[in-house]
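Welcome, and please open the structure in your viewer. We will go from one selection to the next and look at what is there.

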Amino acid sequence: MDFVWEQNQKKTFRHLTNRWGVSGLHKKVNVQFSPRMTTSLGRCYPVRKLIRLNSVLNDRRNRELLAETLCHEMAHVAVFSLHGKKVKPHGVEWQALMRMAGYEPRVSIDAKEIAGHKRRTTSSKYIYTHYCPRCKIKFIAGRTDRRWRCESCSREKQPGVLLVSKRLRD
Ligand SMILES: [Zn+2]
Ligand SMILES: [Zn+2]
């Protein structure tokens, strides 16, 4: 992340956390890039005030996606700070914060939108759709892993087993 971009983000979050009713929360949150993250763009640990981002977001071409993912995860931390564990991770409270930030709240991002997204050569012929029947959330990726669980369900201590379907990439 370059300096100017980072300064702009700080300014954005200073305004946003004010509007969200959690002034200055962003200053307490630690953001790390994780090269090992392959199945999601971001992950947040609200209790530890930690946000982990997929290193692919470091690619300049993914600047907008980086801003959105940061906002997505920061909104989770804000929701946790406002409501604790009582509300759903991507529920109306979270959605409202995303709209205040100027985003249409979305939970899944098509891998096609991500520049430089690593694809495993062994599975590159196929696209895997992971679907959570409980949350009705879809995540599309070029690979799959049996251990994948729905992020929202896991947080609510639900099994979060995903239905995986495979189709040829077009
Ligand atoms: Zn989320
Ligand atoms: Zn789920």
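Start by selecting Q32 and R52: the bridge partner of Q32 in β3 is R52. Keep in mind as you look around that this is a predicted model.

Now widen the selection to the strands around that pair. β1 and strand β3 (residues 50–54) run in the parallel sense and are joined over five bridges. Add β2, and you have an open sheet of three strands in the order β1-β3-β2, with mixed pairing. Which strands stand at the edges? They are β1 (30–34) and β2 (42–45); each has a single partner strand, so one side of each is left without a neighbour in the sheet. On average, neighbouring strands of this sheet are turned by 20° against each other, direction ignored.

Next, select α3. This helix lies across β2 and β3, and it runs at about 20° to β2.

Keep helix α3 (residues 63–83) on screen and add helix α4 (residues 92–100): their axes come within 9 Å and cross at roughly 130°. α3 and α4 are therefore oblique to each other. Their crossing is right-handed. To see who makes the contact, show the side chains of C71, H72, A75, H76, A78, V79 and H83 on α3, together with E93, W94, L97 and M98 on α4. Colour them by type, and the residues of this contact divide into seven nonpolar, three polar and one charged.

Time to move along the chain. Select H130, which has a partner to either hand: V164 stands opposite H130 in β6, and F139 is the bridge partner of H130 in β5. Now show the strands themselves. Strand β4 (residues 126–132) pairs with strand β6 (residues 163–168) in the antiparallel sense over six bridges. β4 also pairs with strand β5 (residues 137–141), again in the antiparallel sense, over five bridges. Where in the hairpin of β4 and β5 is there a positive phi? Click on K136: this residue takes a positive phi near 60°, and the hairpin has four residues between the strands.

Finally, zoom out and colour the chain by domain: domain 1 covers 3–113 and domain 2 covers 126–168. Between their centres, taken over C-alpha atoms, there are 21 Å. Where the domains touch, nine residues of domain 1 are in contact with 11 residues of domain 2. On the domain 1 side, the touching residues divide into three nonpolar, four polar and two charged.

Methods: Residues numbered from 1 in each chain as written. Chains lettered and ligands numbered in written order. Predicted model: local features only at pLDDT ≥ 70, side-chain atom pairs only at ≥ 80, totals over all residues. Axes fitted to C-alpha atoms, helices over the stretch in contact; angles between N-to-C directions. Helix = DSSP H or I, 4+ residues; strand = E, 2+ residues; numbered from the N terminus. Parallel < 35°, antiparallel > 145°, perpendicular 65-115°, else oblique. Left-handed = near helix turned anticlockwise from the far one by under 90°. Contact = placed C-beta atoms within 7 Å. Nonpolar A, V, L, I, M, F, W, Y, C, P; charged D, E, K, R; others polar. Domains from an automatic or database assignment. Pairing = 2+ DSSP bridges.
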